[in-house]
Amino acid sequence: PYVPPRPYWEQYIHQETPPPYVGDWAAMHDRPEDAVDPNAWRGRLTPQRIHRARAGYYGEISFIDTQVGRLINWMSRFGRDALADTWFLFTADHGDTLGDHNLWRKTYAYEGSTRIPFLIVPPGCLTGRATQRGEADEVVELRDVMPTLLKAAGLPVPGTVDGCSLLPLLRQPAREWRAYVHGEHCTCYSTD
């Protein structure tokens with residue numbers, strides 16, 4: 001369920017949210033009998049129900065953003081030395097399709113469920129003592145977390161690790177980097 005604290009819910013419920021993107025092939029997931037189930041993975045809901053889901057989801061994201069901001073604010077006031085020596089890495093395991101293509105949840109590898117936040121803030125950036133590349137366009141993934149944090153700690157990365165340290169990307173674009181991510185998923189909800 002999308003249940004952010006009330007102020008974060010109210011931030012979006014009375015505002016317009018973007019409609020879902022529905023490809024011309026997505027009618028296969030427009031199943032009224034599925035859409036009435038509150039745990040439905042597919043089905044076209046009413047515009048009001050879609051808006052409520054999106055308002056709740058956006059409210060949850062804003063709530064998390066606020067909590068991260070509170071931590072950084074507290075550290076900047078009461079733990080400035082620690083802040084100057086702290087790495088922040090923020091990511092998620094998946095997003096949600098939120099009605100795109102008449103789908104809900106996360107299983108299918110469409111934009112809404114696969115594009116997730118992946119933020120790295122090295123020590124000193126929040127206190128103005130370091131400059132880094134603001135945004136990277138390279139394709140990164142969760143398997144890059146461990147090698148990145150090991151390198152940041154000055155520790156070796158085991159040879160069996162598939163991921164790559166993202167530290168070089170913080171300063172400049174990579175000359176050689178993966179062009180895509182290969183993903184697989186077993187049949188989950190349906191073989192349709």
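Biologist: Hi! Let's start with Met28: buried, exposed or partly exposed?
Modeller: Met28 counts as partly exposed, because its relative accessibility is 38%, which lies between the 20% and 50% cut-offs. Keep in mind that this is a predicted model.

Biologist: Thanks! Where does Met28 sit?
Modeller: You'll find Met28 in the loop between α1 and α2, the latter being residues 32-35.

Biologist: And which residues make a nonpolar surface patch with Met28?
Modeller: Trwo partners join in: Trp25 and Tyr110 make the patch together with Met28, and its area is about 260 Å².

Biologist: Switching to α1: which of its residues are buried?
Modeller: Helix α1 covers residues 6-13, and Tyr8, Trp9 and Ile13 are buried there. Looking down the axis of α1, these buried residues fall within an arc of 125°, so they line one face of the helix.

Biologist: What covers them?
Modeller: The cover over the buried residues of α1 includes α3, residues 47-78.

Biologist: I was eyeing Arg54 too. Which helix is Arg54 in?
Modeller: Arg54 belongs to helix α3.

Biologist: Why does Arg54 count as buried?
Modeller: Its relative accessibility is 5%, and buried means under 20%, so Arg54 qualifies.

Biologist: What is Arg54 in contact with, leaving aside neighbours within four places in sequence?
Modeller: On that count Arg54 contacts Thr17, Pro18, Pro19 and Pro20, along with Thr97, Leu98 and Asp100.

Biologist: Nice. Now the interior: which residues form the largest nonpolar core?
Modeller: That core has eight residues, namely Ala35, Leu45, Ile50, Ala53, Tyr57, Tyr58, Leu98 and Trp104. Helix α3 supplies the largest share of this core, four residues. Another core, of six residues, lies apart from it, and Phe118, Val145, Leu166 and Leu169 are among its members.

Biologist: Back to Trp104: what does Trp104 touch, not counting residues up to four places away in sequence?
Modeller: Its contacts include Ala40, Trp41, Arg42, Gly43 and Leu45, as well as Ile50 and Ala53. Trp104 also touches Asp96, Thr97, Leu98 and Gly99.

Biologist: Zooming out, how many helices and strands does the protein have?
Modeller: Six helices and two strands. From the N terminus on, the order is α-α-α-α-β-α-β-α.

Biologist: And what does the C-alpha trace span along its principal axes?
Modeller: About 55 × 40 × 25 Å. Of the 192 residues in the protein, 32% are buried.

Biologist: Last one: what share of the accessible surface belongs to carbon and sulfur atoms?
Modeller: Carbon and sulfur atoms hold 53% of an accessible surface of about 12900 Å².

How values were computed. Residues are numbered from 1 along each chain as its sequence is written. This is a predicted model: local features need pLDDT of at least 70, side-chain atom pairs count only at pLDDT 80 or more; totals for chains, interfaces and linings use all residues. Side-chain values use heavy atoms; hydrogens and water are left out. Buried means under 20% relative accessible area, exposed over 50%, partly exposed in between (1.4 Å probe, protein chains only). The arc is that of the directions from the helix axis to the C-beta atoms. Contact means heavy atoms within 4.5 Å. Patches are made of residues with over 30% relative accessible area and no salt bridge: like charges are joined within 9 Å, nonpolar side chains (Val, Leu, Ile, Met, Phe, Trp, Tyr) within 5 Å. Accessible areas come from the Shrake-Rupley method with a 1.4 Å probe; for residues, only the protein chains shown count as cover. A salt bridge is a side-chain nitrogen of Lys or Arg within 4 Å of a carboxyl oxygen of Asp or Glu. A nonpolar core is a set of buried Ala, Val, Leu, Ile, Met, Phe, Trp, Tyr and Cys residues joined through side-chain atoms within 4.5 Å.
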